[in-house]
Amino acid sequence: MTVLISGAGPTGLTLACELARRGVACRVLDKAPGTFPGSRGKGLSPRTQEVFDDLGISEAITASGMPMPSFRIYSGHDVVAERSLLEMLGSDIPSGPGVPYAGFWMVPQWRTDEILLSRLRELGGDVEFGCEVTGFEQDTEGVTVSVSREGLPETRRASYLIGADGGRSTVRKALGVGFAGQTFERERTLIGDVRADGLEGTFCHVLTRGGQVSERFSLWNLPGSQHYQFVASMAADDVPPLTLGAVQRLLVERSGREDIALHDLRWISLYRVNARMVDEFRKGRVILAGDAAHVHSSAGGQGLNTSVQDAYNLGWKLAAVVSGAPAELLDTYEEERMPVAAAVLGLSTDLHRRNFEPFDGPAPQLHQMDITYRGGSLAVDDRAHPGNLGAGDRAPDARLAEGTHLFDVLRGTHFTLLTFCDRTPDIADVRVQQMGPSADYDVEPSTLVLVRPDGYIGVITESENTVRHYLARVR
C-alpha cells in the first residue's frame, strides 16, 4: 500500500519528495484544479533553505527569489525611513562557516509550490488535482479513504493518511482531535497580488498618511514578477469588497496617494487571524502536518517554514517505518514537533500584537536554526562533560579538508557518522566523514557524532555500541 497525502501545498509536496526519494510509494491529492496561484508565504528562513538544499532544489529556489527587501516607510509621498526586515523585527541571524544561508530569501509561494512539484515529478511522483479527501476509516492494517474526484465518489486504501490540507483541514476535523487556541474575531487581513504603477525601487513599500505603521497599506515587490503582494489589516466590521476597485480605495484611504494605480489583480484573499494548535499530531495511521496541525499569524513569516520542517521531520521517520523500522519511531514526530509548534504559536502571536513595536527584552529569533530536540528520546548524549553542541541540535555546516562542505556530505537520505580522529568505526549502512577542527563542533577527538537524515544530531558519544543501539531503533 501507499502513503496518501491530502494537500499539495508546501507541506504535502515536501513530504511527498521526502518519501519519493526514499522509494516509498505515495499519492498526493488536492481538491484545487492546480497549484496555489498566490504569493502568500513568501519568506524562506535560513533553515528552510537548508531543507530545500537537501531536497535538491536550492538552485531553482535561488534563481526564483531575492533577499528580503528593506521596508521603505512613507508618510504620504515622503520617504521617512528605510529599515531591513531584521531591524523592523529587532532580530538577527547568525553567520559564519556553520551557516550556509545567512538570511531570509523571498520566493512567492506559487513559485515554491511549482518547484517542489517539479522535483516530485523528477522523483517519479505527481499530484492528483481535482481530487478531495472527504473522510476515512482506519484499522490496524491501514486507512480506507473516501475521495471525491470531479464530483464522483471513490475509495482509496493507504498504509497511512497524512493531513496536509491546511487550516480548514478536512482530515483534522474527521480525526476529531482538539484544536484549542484563539481567533482574533475583531481583525481581518486582506492579502493579494496586484500590479502597481507609481512606485520606484525594490522594497516593502509601507504606505501611511503620517508615518505611523500601525495603520498601513503594504506593497511588497515580488522577485521575477511585475506583481506586488499587498497586505492590509483592518477591523472585521470594516472589510471592503474583494475587488480591485475596493483595494484601490483602501490604498488611497490609508496613504493619501492617488498617484499609485493598481491593476491586474491576480489573486485576493481575506482571512481571520487564528492562533490554534491540535492536541495530537497523530492518531493511529492518520497524521497531521503543517497548517492542519497549527495555524497562527503571518507575523514573523513562520508559517510556511514551520510547515516545511514538519514534513521534513516526518518524512524520514515515516519512510523508515513503512520499510520495516519500529512503529514507535512515529511517536517521536509529535514529541519533537509539538513543542516547536507551540513556541512558534506564541512567537507569532506576540509579533502580531506588537505590530512592529520594539521589544523590551531580547528580540525573538526567526531563523529557526536554533530549534533543538534536546532531551527527546532521539537525542542521545552520554558524554561525561558535554560541550555547547548537544544531541538534538541542528548539525552545523563546516568546511572540509578536501575543500567541500559538510552539507555536501549530509545531503541525501542516509545517516552520517562524523569522526574527529583517525578512527574508522565498523558500523553498517552509515556514511562516515572524517572531520577537521571546527569551532562549531566543540568535541573531543575520540567523539562520534551521528547525524540523522534530517540534519539533526542523534548521538554524541565515544561508544560505537551506543551508535549501533540507536540505529536499531530508527531503521
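The largest cavity in this predicted model holds about 150 Å³ of space. I start there, and then work outwards to the rest of the chain.

There are two cavities of 30 Å³ or more in the structure. For the largest one, 14 residues make up the lining. Those nearest its centre are Glu-50, Asp-54, Tyr-312, Phe-407 and Leu-410. Two elements give two or more residues each to this lining: helix 2, residues 46-55, and helix 10, residues 406-410. Helix 2 is the one that gives the most, with four residues. What classes of residue make up the lining of the largest cavity? Seven are charged, six are nonpolar and one is polar.

Now the second largest cavity. Its volume is about 40 Å³. The residues that line it are Gln-49, Phe-52, Ser-58, Ile-61, Thr-62 and Tyr-101. Helix 2 appears again here: helix 2 and helix 3, residues 58-64, each supply at least two residues of this lining. This time the largest share comes from helix 3, with three residues. By class, the lining of the second largest cavity has three nonpolar residues, three polar residues and no charged ones.

As a general remark on how such spaces are found, rolling a probe the size of a water molecule over the atoms shows where empty space is left.

Helix 2 has come up for both cavities, so let me stay with it, citing its burial: 10 of its 10 residues are buried, and it is therefore largely enclosed by the rest of the structure. Buried here means under 20% relative accessible area. If you want to follow along on the screen, the buried residues of helix 2 include Pro-46, Arg-47 and Thr-48 at one end, and Asp-53, Asp-54 and Leu-55 at the other. Glu-50, also buried in helix 2, is one of the residues nearest the centre of the largest cavity. Gln-49 and Phe-52 are buried as well, and both line the second largest cavity. After helix 2 comes Gly-56, with a positive phi near 85 degrees.

That brings me to backbone angles. Most residues other than glycine have a negative phi, and most peptide bonds are trans. Which residues other than glycine have a positive phi near 55 degrees? Glu-150 is one of them, and Asp-264 is another. Where do they sit? Glu-150 is in the loop between strand 10, residues 143-149, and strand 11, residues 152-163. Asp-264 is within strand 17, which covers residues 261-271. Their accessibility is as follows. Glu-150 has 73% relative accessibility and counts as exposed. Asp-264 has 39%, and counts as partly exposed.

Next, the strands. Strand 5, residues 71-75, and strand 6, residues 78-83, run antiparallel and are joined by five bridges. In that pairing, Phe-71 stands opposite Arg-83 of strand 6. The two strands form a hairpin with two residues between them. Gly-76 is in the turn, and its phi is positive, about 65 degrees.

Further along there is an open sheet of three strands. In what order do they lie? The order is 12-18-21, with antiparallel pairing. Strand 12, residues 179-183, and strand 21, residues 294-295, are the edge strands, each pairing on one side only. Strand 12 pairs with strand 18, residues 274-278, over five bridges in the antiparallel sense. One bridge to look up is Phe-179, whose partner in strand 18 is Val-278. On side chains, the general rule is that in a regular strand they alternate between the two faces of the sheet.

Last, the chain as a whole. The protein chain has 11 helices and 26 strands. Its radius of gyration is 23 Å, close to the 23 Å that the globule rule gives for 475 residues, so the chain is as compact as a globular protein of that length. The C-alpha trace spans about 70 × 55 × 40 Å along its principal axes. How much of the chain is buried? Of the 475 residues, 56% count as buried. As for contacts with a separation of 6 or more, 69% are accounted for by residues 24 or more positions apart.

To go back to the start: the largest cavity has helix 2 giving the most to its lining, and in the second largest cavity the largest share comes from helix 3. That is what I have for today.

Notes. Residues numbered from 1 in each chain as written. Predicted model: local features only at pLDDT ≥ 70, side-chain atom pairs only at ≥ 80, totals over all residues. Heavy atoms only, no water. 1 Å grid on protein atoms, 1.4 Å probe; cavity = no way out; pocket = protein on both sides within 12 Å on 5 of 7 lines; lining within 4 Å. Points joined across faces, edges and corners; volume = space filled by probe spheres on them. Nonpolar A, V, L, I, M, F, W, Y, C, P; charged D, E, K, R; others polar. Pairing = 2+ DSSP bridges. Buried < 20%, exposed > 50% of the residue type's maximum accessible area, 1.4 Å probe, protein only. Rg over C-alpha atoms; globule rule 2.2 N^0.38 Å. Contact = heavy atoms within 4.5 Å.
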